[in-house]
Amino acid sequence: MKKLLVLFASVVMLAGCGNNEATTTGTAKTAADENGDYATAEITLKGDKVESISLDQTKEGKSKKELGADYKMKGSSPIGKEWNEQVEFLEDYIEKNGLDKVELDEKGYPKNDDVLAGCTINISTLMEAANAAKENAK
């Protein structure tokens with residue numbers, strides 16, 4: 001019984017030593033454009049890996065995420081998704097693949113086919129905020 005207890009204690013100690021990477025969180029806000037609109041990001045990293053990310057844009061003083069369906073983008077979206085749905089897809093993509101995997105064209109739209117499958121909006125300011133938040137988390 002004593003050997004079993006020692007073995008169990010050893011396994012618990014080894015499991016606790018397996019991942020010593022610190023978890024850090026950073027936030028960022030882009031400069032407001034000529035209309036006063038800006039993007040924000042909050043990112044949590046474990047080491048260099050994105051554990052979670054939250055992106056938003058403020059337009060005319062209102063959060064696009066909070067507006068949800070009231071933003072009324074779905075009808076003009078080529079994939080039939082509201083702004084908040086597309087950003088949620090982008091957030092999930094970044095959590096699974098990392099910020100560096102998101103490629104933008106010269107106009108600020110996603111280039112990756114796997115991103116375009118769920119996010120076709122201009123994400124240049126969102127990615128600017130996300131990258132700044134990542135730097136602030138270090």
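In the hairpin formed by β3 and β4, two residues lie between the strands, and Glu60 takes a positive phi near 55°. The model described here is a predicted one. Glu60 belongs to the loop between β3 and β4, and its positive phi occurs in a residue other than glycine. The relative accessible area of Glu60 is 67%, so this residue is exposed. The two strands on either side of this loop run antiparallel and are joined by two bridges. Within this pairing, Thr58 stands opposite Ser63 in β4.

The hairpin of β2 and β3 also has two residues between its strands, and here Gly47 has a positive phi near 70°. The strands β2 and β3 run antiparallel and are joined by nine bridges. Across this pair, Thr44 is placed opposite Ser52 in β3.

A further positive phi is found outside these hairpins. Lys72 has a phi near 60°, again in a residue other than glycine. Lys72 lies in the loop that runs between α2 (64–67) and α3 (83–97). With a relative accessible area of 66%, Lys72 is therefore exposed.

The hairpins can next be placed in the sheet as a whole. Four strands make up an open sheet in the order β1-β2-β3-β4, and their pairing is antiparallel. The edges of the sheet are formed by β1 (23–29) and β4 (62–63), each of which pairs on one side only. Strand β1 pairs with β2 (residues 38–46) in the antiparallel sense, and this pairing extends over seven bridges. In this pairing, Ala28 stands opposite Ala41 in β2. Helix α5 (residues 124–137) packs on the sheet and touches β1, β2 and β3 (49–59). The direction of α5 makes about 40° with that of β2.

Helix α3 contains Glu91. The relative accessibility of Glu91 is 8%, and the cut-off for a buried residue is under 20%, so Glu91 counts as buried. When residues up to four places away in sequence are not counted, Glu91 touches Ile53, Ser54, Leu55 and Lys65. Two glutamates can thus be set side by side: Glu60 is exposed, at 67% relative accessible area, whereas Glu91 is buried, at 8%.

The nonpolar residues of the interior were examined last. In soluble globular proteins, nonpolar side chains tend to be buried together. The largest nonpolar core of this model has 26 residues, and among these Leu55 and Ile94 touch the most other members. At least two residues of this core come from each of β2, β3, α3 and α5. The greatest contribution is that of α5, which supplies six residues. Helix α5 is also the helix described above as packing on the sheet, where it touches β1, β2 and β3. Leaving out residues up to four places away in sequence, Ile94 touches Val50, Ile53, Leu55, Leu99, Val102 and Met127. Ile53 and Leu55 are thus among the residues touched by Ile94, and they are also among those touched by Glu91.

Key. Residues are numbered from 1 along each chain as its sequence is written. This is a predicted model: local features need pLDDT of at least 70, side-chain atom pairs count only at pLDDT 80 or more; totals for chains, interfaces and linings use all residues. Side-chain values use heavy atoms; hydrogens and water are left out. Two strands pair if DSSP finds at least two bridges between them. Contact means heavy atoms within 4.5 Å. Axes are lines fitted to C-alpha atoms, for helices over the stretch in contact, and angles run from 0 to 180 degrees between N-to-C directions. Buried means under 20% relative accessible area, exposed over 50%, partly exposed in between (1.4 Å probe, protein chains only). A nonpolar core is a set of buried Ala, Val, Leu, Ile, Met, Phe, Trp, Tyr and Cys residues joined through side-chain atoms within 4.5 Å.
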